[in-house]
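Here are some short exercises to work through with the model open in your viewer. Try each task before you read its solution.

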Amino acid sequence: MSHLENKLFTGILSGDAPSRVLNAVLVRRPDLDKYDLANLLLVEYDLLDSKILPLVWNWRSVRSVRGIGDEEFDRAVIEHMRIAGYDI
């Protein structure tokens, strides 16, 4: 993972909306899809469990037209992160 992606993912813990952070990574890295993105998220936040994967896969990102919207996605990601022990 590049330093830039690491910094973008860290933004979630600083209060940036997960959808905004993940969309920024997708824009900067057109070679990634949501499956790659979900795996990178698990690497960056290793306390999360695999329950986060389908959430990312089914999110309506900048590259998809179907799925859950940003607000619902953000709430769910933040909830998963809090359950995992992240101070967010």
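**Exercise 1. Place S61 and find what it touches.**

Keep in mind that this is a predicted model. Start with the chain: S61 sits in the loop that links α4 (52-57) to α5. Next, take its accessibility: S61 has a relative accessible area of 7%. Buried means under 20%, so S61 with its 7% is buried. Finally, list its partners, leaving out residues up to four places away in sequence: S61 touches N23, L26 and K34.

**Exercise 2. Describe how α2 and α3 pack, and say which residues make the contact.**

Begin with the geometry: the axes of α2 and α3 are 11 Å apart, and the packing angle is about 125°. That angle makes α2 oblique to α3, because roughly perpendicular covers 65 to 115 degrees and roughly antiparallel begins over 145. The handedness comes next: α2 and α3 cross in a right-handed way. Now pick out the residues: α2 brings L22, V25 and L26 to the contact, while α3 brings K34, L37 and L41. Sorted by class, the contact of α2 with α3 has five nonpolar residues, one charged and no polar.

**Exercise 3. Do the same for α2 and helix α5 (residues 70-84).**

Geometry again: the axes of α2 and α5 cross at roughly 105° and come within 8 Å. The range for roughly perpendicular is 65 to 115 degrees, and α2 and α5 are therefore roughly perpendicular to each other. On the α2 side, the residues are P18, S19, L22 and N23. They meet D70, F73, D74, V77 and I78 of α5. By class, the residues of this contact of α2 with α5 are five nonpolar, two polar and two charged.

**Exercise 4. Is G11 buried or exposed, and which residues is it in contact with?**

Locate it first: G11 belongs to the loop between α1 (3-10) and α2 (18-28). Its relative accessibility is 9%. With buried set at under 20%, G11 counts as buried. Then look for partners, leaving aside neighbours within four places in sequence: G11 is in contact with D16 and V21. You can also check a distance to α2: the C-alpha atoms of G11 and L22 are 9.8 Å apart, with the two positions 11 residues apart along the chain.

One of those partners deserves a further step. V21 lies in helix α2, and at 4% relative accessibility V21 is buried. The C-alpha atoms of V21 and M81 are separated by 15 Å, and the two residues are 60 apart along the chain.

**Exercise 5. Place L40 and relate it to F9.**

The helix comes first: L40 is part of α3 (residues 34-44). L40 has a relative accessible area of 17%, so it is buried. For the distance, L40 and F9 are 31 residues apart along the chain, and 9.1 Å separates their C-alpha atoms.

**Exercise 6. How many salt bridges does a search of the whole structure find, and which side chains form them?**

The search gives one salt bridge. Its partners are the side chains of D31 and R29, at 2.5 Å from N to O. The cut-off is 4 Å, so this pair at 2.5 Å qualifies. As background, side chains of opposite charge can pair when their charged atoms come close. To finish, compare accessibility: D31 is exposed, with a relative accessible area of 53%, whereas R29 at 27% is partly exposed.

Terms used: Residues are numbered from 1 along each chain as its sequence is written. This is a predicted model: local features need pLDDT of at least 70, side-chain atom pairs count only at pLDDT 80 or more; totals for chains, interfaces and linings use all residues. Side-chain values use heavy atoms; hydrogens and water are left out. Buried means under 20% relative accessible area, exposed over 50%, partly exposed in between (1.4 Å probe, protein chains only). Helices (H or I, at least four residues) and strands (E, at least two) are DSSP runs, numbered from the N terminus. Contact means heavy atoms within 4.5 Å. Axes are lines fitted to C-alpha atoms, for helices over the stretch in contact, and angles run from 0 to 180 degrees between N-to-C directions. Angles under 35 degrees count as roughly parallel, over 145 as roughly antiparallel, 65 to 115 as roughly perpendicular and the rest as oblique. A crossing is left-handed if the near helix is turned anticlockwise from the far one by less than a right angle, and right-handed if clockwise. Ala, Val, Leu, Ile, Met, Phe, Trp, Tyr, Cys and Pro count as nonpolar, Asp, Glu, Lys and Arg as charged, and the others, Gly among them, as polar.
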